[in-house]
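This report walks through the arrangement of strands, helices, domains and ligand shell in one protein model. The sequence and structure are shown first, and the description follows.

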Amino acid sequence: MDELILRILDKGVRAPSSHNSQPWRFVIEDHTVNVYADHSRQLVVSDPMARELYASVGCALENMRIAAAYEGYRAVIEFMPQDGSGAAARVSFERAERVDSDAYHAIEVRHTNRKPFVGQLSDADCRYLERLPVEKGVEVAWLTGPSAKRRLLMLSEQANEIQLEDPKYRAELEGWLRYNAGEENRHHDGITHEVMGYPPAPHWLGRLMAGASLKASVVNELDEQRISTSNTFAAIAVTEDNPVSWMRAGMTMERYALEATGRKLAYGFLNSMCQVPEIADAARMHFRLGTATPVVILRFGIGKPCATTPRRPLREVAVTETRRHAGVPR
Ligand SMILES: Cc1cc2nc3c(=O)[nH]c(=O)nc-3n(C[C@H](O)[C@H](O)[C@H](O)COP(=O)(O)O)c2cc1C
C-alpha cells in the first residue's frame with residue numbers, strides 16, 4: 001500500500017502551484033494521507049488570504065484523485081478533518097474500478113504556458129471544457145470575443161501596474177526566481193530562468209535582468225500578446241470564501257488544465273486580476289460572477305511547447321508516520 005501511495009503522491013506533486021511554491025506536505029499514516037498546507041511557502045504579499053495556496057493544494061488533491069483512479073482506487077477526500085491533525089485534507093482509498101483516463105496521462109506533460117498562443121479552441125473543445133464537472137461551491141464563468149478581451153486586458157494592465165509598483169510584491173516574486181542550474185538544483189521549486197525567458201546567469205546578473213523586466217510596461221506588453229492571442233477565458237470562483245472552497249476551486253482548475261492538456265490544448269494564468277482586490281471585484285463583474293469570489297483566471301488556446309518546472313523530491317515533502325494505534329486493526 002505504501003508503494004501505491006507513493007506512486008499517487010508522485011503524481012500529486014506534479015500539480016501547478018503559484019510561483020511553483022509547492023506549498024504542501026504529506027503524512028502517510030495507516031493507508032491514508034494527511035495533506036497539509038505549508039504556510040511557510042505562502043506568498044504573503046500577493047496571496048495574503050492564502051487563496052492561491054489552498055488552490056494549489058487542491059490541484060495536488062485532484063492529481064491524487066485521478067492517480068488513485070488509475071491505480072484502481074477511489075480517493076475519499078475529507079477536507080479539514082476534525083481529528084486534531086491540522087491537515088487541510090485527509091485522503092483515504094477505497095477499492096474501485098480502474099480508470100485509465102487521458103487526464104491521468106496528462107499529469108506528466110501538463111505545464112503552464114506563458115507564451116502567446118498560435119491558435120484557438122474549436123467549438124467542440126469549448127463545449128467539452130464547459131461541460132466538465134465543477135466541485136461543490138465552485139462557479140466557473142466563461143468569456144470569449146473581442147470586447148471581453150479588451151476589458152480583460154485593461155483589468156490585467158491595471159493589476160500589473162498596482163502590483164509592480166509595490167517593492168514588496170517585486171521582492172516576493174524575485175525570491176522565487178531561479179537564475180541558473182545551481183539555484184534550480186538547490187531549491188527544486190520556483191520559476192526558472194527558462195520559464196521567464198532569461199538566459200542562465202549568475203545570481204547578481206539574473207537579478208539585474210529581472211529588475212529590468214519586472215516593470216508594468218514590459219509585463220503589460222506580454223499580457224497584451226497573451227490575451228490578444230487567446231479567445232477563451234474562464235474564471236473559477238467560490239461562493240464561500242474559505243479554505244475548503246479554495247481547495248475545491250483548485251481541484252476544478254486542475255481538471256480543466258489536465259483535460260485541456262489531454263486534448264492537446266494549452267492554458268495559462270491571468271491571476272494578477274484575482275490578486276488585487278479592487279481589480280478582482282471588477283473581474284467578478286466582467287465575468288458576471290454575482291457575489292462569487294474569483295480565485296483563478298485562465299486563458300486557453302493552442303500553444304507552442306514551453307519550458308517545464310522542477311519539483312522537490314518526494315522525500316522532502318512526504319513522510320510515513322508509524323501507526324498511532326500499533327497493533328490495533330482499523
Ligand atoms: C493558484 C495558482 C495561481 C497561479 N497564478 C499564475 C499567474 O498569475 N501567472 C503565471 O504565469 N502563472 C501562474 N500560476 C502558474 C504557476 O506559476 C505554475 O503552476 C508553476 O510555476 C509550476 O509550473 P507548471 O504549471 O508548468 O508545472 C499559478 C498557479 C496556481 C496554482
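Within the pairing of strands E9 and E10, Tyr 267 has Phe 300 of E10 as its bridge partner. The model discussed here is a predicted one, and E10 is a convenient place to begin reading it. Strand E9, residues 266-269, pairs with E10 in the antiparallel sense over four bridges. Strand E8, residues 232-238, is also antiparallel to E10 and is joined to it by seven bridges, and here Phe 233 has Arg 299 of E10 as its bridge partner. E10 itself spans residues 293-301 and is mostly covered, since nine of its nine residues are buried.

The pairings named in this report can be set side by side.

| Strand pair | Sense | Bridges | A residue pair |
|---|---|---|---|
| E8 and E10 | antiparallel | seven | Phe 233 and Arg 299 |
| E9 and E10 | antiparallel | four | Tyr 267 and Phe 300 |
| E1 and E11 | parallel | three | Val 27 and Val 319 |

The last row of the table belongs to an open sheet of five strands, ordered E3-E4-E2-E1-E11, in which the pairing is mixed. Its edge strands are E3 (73-79) and E11 (318-320), each of which pairs on one side only, and from one strand to the next the twist averages 25 degrees. Strand E1, residues 24-29, runs parallel to E11 and is joined to it by three bridges, with Val 27 standing opposite Val 319 of E11. Helix H1, residues 2-12, lies across E1, E11 and strand E2 (32-37), and runs at about 165 degrees to E1.

Two loop residues that flank E1 deserve a separate remark on backbone geometry. Most residues other than glycine have a negative phi. His 19, in the loop between H1 and E1, has instead a positive phi of about 55 degrees although it is not a glycine. Asp 30, in the loop between E1 and E2, likewise has a positive phi, near 50 degrees. As to their surroundings, His 19 is buried because 21 other C-beta atoms lie within 10 Å, where 20 or more are required, whereas Asp 30 is partly exposed because it has 15 such atoms within 10 Å, a count between the two cut-offs of 12 and 20.

At the level of domains, the assignment gives domain 1 (2-110 + 310-320) and domain 2 (123-301). The centres of domain 1 and domain 2, taken over C-alpha atoms, are separated by 21 Å, and the contact takes 35 residues from domain 1 and 30 residues from domain 2. On the side of domain 1 that touches domain 2, H2 and helix H3 (102-106) each supply at least two residues, and H2 gives the most, with 11 residues. By class, that side of domain 1 has 20 nonpolar, eight polar and seven charged residues.

The ligand draws on both domains, with at least three residues of its shell coming from each of domain 1 and domain 2. The shell comprises 19 residues, of which Pro 16, Asn 20, His 111, Phe 269 and Asn 271 come nearest. Helix H2, residues 51-70, gives the most to this shell, with four residues. By class, the residues around the ligand are six nonpolar, 11 polar and two charged. H2 thus appears in two settings, as the element that gives the most to the ligand shell and as the one that gives the most to the side of domain 1 that touches domain 2.

Note on methods. Residues are numbered from 1 along each chain as its sequence is written. This is a predicted model: local features need pLDDT of at least 70, side-chain atom pairs count only at pLDDT 80 or more; totals for chains, interfaces and linings use all residues. A residue is near a molecule or strand if its C-beta atom, placed from the backbone, lies within 6 Å of it. Ala, Val, Leu, Ile, Met, Phe, Trp, Tyr, Cys and Pro count as nonpolar, Asp, Glu, Lys and Arg as charged, and the others, Gly among them, as polar. Domain bounds come from an automatic or database domain assignment. Two strands pair if DSSP finds at least two bridges between them. Axes are lines fitted to C-alpha atoms, for helices over the stretch in contact, and angles run from 0 to 180 degrees between N-to-C directions. Two residues are in contact if their C-beta atoms, placed from the backbone, lie within 7 Å.
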